[in-house]
Amino acid sequence: MSAPPIQADDAELAVLGAVVIRNEALDEVLDVLEPEHFRREAHRRTFAAMRLLHQQREPIDYVQLLAALEKSGGLDPEMRAFVNRLGTGVPRTTNVIAYANQVREKALIRALVAEAHQVIADAESAQVSGAELLEQAEQVIYRLGSKSARTDWVSGEELAAELYPLIEQMQQQKGVVSGVQTGIPELDRMTRGFQRGDLVLVGARPSTGKTAMAEQFAMHAAERGQPVAFFSLEMGRVPLGLRAVTAAAQVDGFRLMSGYLSNVEMTRVGEGLSRLANARIWWDDTPSVSPLHVRSKLRRLRAKAGNVALVIIDYLQLMQPLPDDRRQTPTYQVAGISRALKLLAREFDAPFVVLSQLNRGSERSAEKRPTLSDLRDSGALEQDADVVLLLHRPEMYERDRPELVGVAELIIGKQRNGPTGVLHLHFEKAQTKFRSAS
């Protein structure tokens with residue numbers, strides 16, 4: 001015996017009837033419903049015709065509906081009789097939002113069931129690998145979850161009530177960092193720390209030190225009890241861990257790996273290992289991940305460690321594109337990744353610090369100093385980012401000038417809610433660590 005269909009037919013009829021009785025009801029449900037949310041073909045066609053009439057600024061009544069349906073795909077006696085019955089038995093047109101939510105809820109469940117059946121069929125065919133099946137399932141959840149996320153209007157009065165305590169707290173704190181501290185005081189003063197839901201891009205040419213800077217951000221937050229997720233697509237967790245210990249112990253990384261540290265330095269290394277062990281940081285060195293994998297892994301980490309305070313991805317151009325974008329150009333793929341990461345930052349309510357390669361444009365300029373236009377592959381990166389940090393080390397281009405050794409500039413090229421400018425830092429190459437120039 002087959003299971004009963006997942007349906008909200010009464011609610012579908014109530015929505016359509018409410019629109020015929022009161023055309024304004026369509027405005028209330030357009031942000032909630034699409035034609036495909038209706039289970040029955042007659043209901044789908046009728047809602048699509050209603051939407052078309054609305055777009056054409058035509059009244060939605062029986063005569064107009066019948067004409068629109070006849071033009072769009074024909075009108076048999078059964079369909080004509082169905083339209084003529086619309087509006088009978090509608091409890092209250094003012095409840096149309098409640099009816100629409102029922103329709104959307106059942107449509108989401110039907111979509112999940114259909115996609116699950118497809119995953120099962122692919123699994124039973126033995127023509128798809130386990131990894132591909134997992135990615136297929138994750139893409140389904142991501143796509144359906146993104147479509148189901150809706151918000152409603154908020155009045156000025158409601159927003160003001162939400163803002164008042166926040167503004168009052170800002171005035172009492174007077175400059176206190178409100179976001180995740182970076183460990184670089186000048187950067188914290190300029191940005192007030194990395195804010196929840198922000199996409200922060202750190203752009204630099206290869207071997208400039210962007211991974212070292214990202215690790216510094218991560219360790220500073222993690223040592224203060226804030227859970228940090230670090231996705232490293234370029235380096236394995238062992239060399240990353242050695243870098244973290246080197247920076248914490250303030251020893252020469254090359255001498256550490258060569259086995260030539262003194263007893264005093266080894267004591268400091270032990271302290272560095274202890275700091276790493278106690279830091280609330282989780283590492284993922286999977287060499288190829290997409291935004292779907294990031295979302296899935298962060299959900300599992302949240303179940304294990306609670307809400308994540310900071311997410312770092314090293315680096316963007318090594319990420320796999322969204323499955324639907326794989327046949328597109330690299331620029332299109334990067335734009336899709338960038339947008340997806342911004343949405344994930346909002347979903348997880350945490351700053352996402354994403355490292356990005358720069359193109360060679362900066363190296364062709366006289367000063368070799370990078371600009372926003374040097375972000376590689378896509379202008380969408382600049383558009384989606386809330387903060388763009390560009391790292392510059394002059395010694396890489398003028399190696400015959402000893403006074404430039406260790407000199408570094410962190411350029412705040414964009415900040416949606418704050419000032420831009422240049423921060424002067426010093427890079428301790430042996431310890432892979434940035435310090436204030438002062």
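These questions and answers cover the sheet and the cavity of a predicted model.

Q: In what order do the nine strands of the open sheet lie?
A: Strands of a sheet pair through backbone hydrogen bonds, either parallel or antiparallel. In this open sheet the pairing is mixed. The order of its strands is E3-E2-E4-E5-E1-E6-E7-E8-E9.

Q: Which are the edge strands of this sheet?
A: An edge strand pairs on one side only. That holds for the strand at residues 281-284 and for the strand at residues 433-436. The edge strands are E3 and E9.

Q: By what angle are neighbouring strands of this sheet turned against each other on average?
A: The angle is taken with direction ignored. On average, neighbouring strands are turned against each other by 25°.

Q: How many bridges pair E1 with E5, and in which sense, parallel or antiparallel?
A: Strand E1 spans residues 199-204. One of the pairs joins Val-202 to its bridge partner Leu-355 in E5. E1 and E5 pair over six bridges, and the sense is parallel.

Q: Which residue in E5 is the bridge partner of Ile-312?
A: Strand E4, residues 310-314, runs parallel to E5. Three bridges join the two strands. In E5, the partner of Ile-312 is Val-353.

Q: Are the residues on the two faces of E5 buried or exposed?
A: In a regular strand the side chains alternate between the two faces of the sheet. On one side of E5 are Phe-352, Val-354 and Ser-356, and on the other are Val-353, Leu-355 and Gln-357. Six of the six residues of E5 have under 20% relative accessible area, so both faces are covered and these residues are buried.

Q: What angle does the direction of helix H10 make with that of E4?
A: Helix H10, residues 210-222, packs on the sheet. Among the strands H10 touches are E1, E4 and E5. The direction of H10 makes an angle with that of E4 of about 160°.

Q: How much space lies in the largest cavity?
A: The structure holds one cavity of 30 Å³ or more. Of the 11 residues that line the largest cavity, the closest to its centre are Arg-205, Pro-370, Leu-391, His-392 and Tyr-397. The lining has five nonpolar, three polar and three charged residues. The space in this cavity is about 50 Å³.

Definitions and conventions:
Residues numbered from 1 in each chain as written. Predicted model: local features only at pLDDT ≥ 70, side-chain atom pairs only at ≥ 80, totals over all residues. Heavy atoms only, no water. 1 Å grid on protein atoms, 1.4 Å probe; cavity = no way out; pocket = protein on both sides within 12 Å on 5 of 7 lines; lining within 4 Å. Points joined across faces, edges and corners; volume = space filled by probe spheres on them. Nonpolar A, V, L, I, M, F, W, Y, C, P; charged D, E, K, R; others polar. Buried < 20%, exposed > 50% of the residue type's maximum accessible area, 1.4 Å probe, protein only. Helix = DSSP H or I, 4+ residues; strand = E, 2+ residues; numbered from the N terminus. Pairing = 2+ DSSP bridges. Axes fitted to C-alpha atoms, helices over the stretch in contact; angles between N-to-C directions. Contact = heavy atoms within 4.5 Å.
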